Amino acid sequence: ARGDLKRAELRSGDVPAGMPLCMANLMNKLKDSHHLKHGGRMQLGLFLKSCGLTMEESLSFWRDEFQKGSVASDRFDKQYAYSIRHTYGKEGRRKELSCYGCMKIINTTPGPGEHHGCPYKEFSEPRLKQSLSAIGVPAAEVAPIVSLAKENHYQLACGRTFMATNQTDPSEGAIVVTNPAEYFDRARTLRKE
Ligand code: SF4
């Protein structure tokens, strides 16, 4: 499976290395607050599914995280499990869904208290700088990435982050990221994880 993400890795407390900023941000918010609103659950949930989590693994992942907050297991099963099963095609119209592409993520507008969307578009400059440093972008690369983001070249900014954090060969040219699951898959392949 793509990325072949294991639930054990998600439980370790750390955000798995190589995640694009949009998903690393949601993972951090989820692990801090043990909750995400609907838009964040959809964006991260479909990504995790595309990275190879089975439906049972996804249900356990979300139930465990929400239980650390204020959502008891029976309330989780009543209120949240349906939409997870739905993404796996087990409820409703039975159509399996896959990871949102970057254009869809960029074109959503998160409201107050929501953490989905594309950080290269949504974050303030200081927050973007801090987030890039936190995922290991070298200091010299932060400014050019922030400039691309300010010029609304979000997918190019993300590609440059990919190059800076995965030591790709610069002679291969710029990368335009189009899908977060592909970003992660490629990062994992390069890292041989
Ligand atoms: Fe995520 Fe795509 Fe934005 Fe990168 S460009 S942070 S993969 S939405």
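Modeller: Two residues are in contact if their C-beta atoms, placed from the backbone, lie within 7 Å. We shall apply this rule to a predicted model. For example, E122 touches P110 and G117, leaving aside residues up to four places away in sequence.

Colleague: Where is E122 found, and why does E122 count as buried?

Modeller: Burial is judged by counting neighbours: a residue is buried if 20 or more other C-beta atoms lie within 10 Å of its own, and exposed if 12 or fewer do. E122 is found in helix 8. E122 counts as buried because it has 21 C-beta neighbours inside 10 Å. Distances along the chain and in space can also be set side by side: E122 and T109 are 13 residues apart along the chain, and their C-alpha atoms are separated by 8.4 Å.

Colleague: Is Y82 buried or exposed?

Modeller: The same count applies. Y82 is exposed, because 12 other C-beta atoms lie within 10 Å. The place of Y82 is in helix 6, residues 81–87. Y82 lies ten residues from G92 in sequence, with a C-alpha to C-alpha distance of 9.1 Å.

Colleague: I should now like to see the whole. How many helices and strands does the protein have?

Modeller: There are twelve helices and zero strands. Read along the sequence, the pattern is therefore a run of α elements, α-α-α-α-α-α-α-α-α-α-α-α.

Colleague: What does the radius of gyration tell us about the protein?

Modeller: The idea is to compare the value with that of a compact globule of 193 residues, which would be near 16 Å; the protein has 17 Å, which agrees. The C-alpha trace spans about 50 × 35 × 30 Å along its principal axes. Of the 193 residues, 36% are buried. As for contacts between residues at least 6 apart in sequence, 57% join residues at least 24 apart.

Colleague: Which domains does the domain assignment give?

Modeller: The assignment gives domain 1 (7–87) and domain 2 (102–191). Their C-alpha centres lie 21 Å apart. To read how they meet, one counts the residues in contact on each side: 19 residues of domain 1 are in contact with 21 residues of domain 2.

Colleague: Which helix gives the most to the side of domain 1 that touches domain 2?

Modeller: Helix 2 gives the most, with seven residues. Helix 2 and helix 3 (38–50) each supply at least two residues of that side. By class, this side of domain 1 has eleven nonpolar, six polar and two charged residues.

Colleague: Let us turn to the ligand. How many residues surround it, and which are the closest?

Modeller: A ligand shell is read by asking who is in it, of what class, and from which elements. Here 15 residues surround the ligand, and the closest are P20, C22, C102, C118 and C158. The shell divides into 14 nonpolar residues, one polar residue and no charged residue. Helix 2 (21–33), helix 7 (102–106), helix 8 (119–122), helix 11 (154–166) and helix 12 (180–191) each supply at least two of its residues. Both domains take part, since the shell draws at least three residues from each of domain 1 and domain 2.

Colleague: How many residues of helix 11 are buried, and what covers them?

Modeller: Helix 11 is mostly covered, with ten of its 13 residues buried. Among them are Y154, C158, R160 and F162. The cover includes helix 2, helix 7, helix 8, helix 9 (125–134), helix 10 (139–150) and helix 12. For the length of a helix, one compares its reach with an expected span: helix 11 reaches 18 Å from its first C-alpha to its last, close to the 18 Å expected at 1.5 Å a residue. Helix 11 is followed by Q167, whose phi is positive, near 45 degrees.

Colleague: Which residues of helix 12 are buried, and what follows this helix?

Modeller: In helix 12 the buried residues are P180, A181, Y183, F184, D185, A187 and R188. Their cover includes helix 2, helix 3, helix 7 and helix 11. Helix 12 has twelve residues and reaches 16 Å from its first C-alpha to its last, close to the 16 Å expected at 1.5 Å a residue. Helix 12 is followed by K192, whose phi is positive, near 55 degrees.

Conventions. Residues are numbered from 1 along each chain as its sequence is written. This is a predicted model: local features need pLDDT of at least 70, side-chain atom pairs count only at pLDDT 80 or more; totals for chains, interfaces and linings use all residues. A residue is near a molecule or strand if its C-beta atom, placed from the backbone, lies within 6 Å of it. Helices (H or I, at least four residues) and strands (E, at least two) are DSSP runs, numbered from the N terminus. Ala, Val, Leu, Ile, Met, Phe, Trp, Tyr, Cys and Pro count as nonpolar, Asp, Glu, Lys and Arg as charged, and the others, Gly among them, as polar. The expected span of a helix is 1.5 Å times one less than its number of residues. The radius of gyration is taken over C-alpha atoms; the globule rule is 2.2 Å times the number of residues to the power 0.38.
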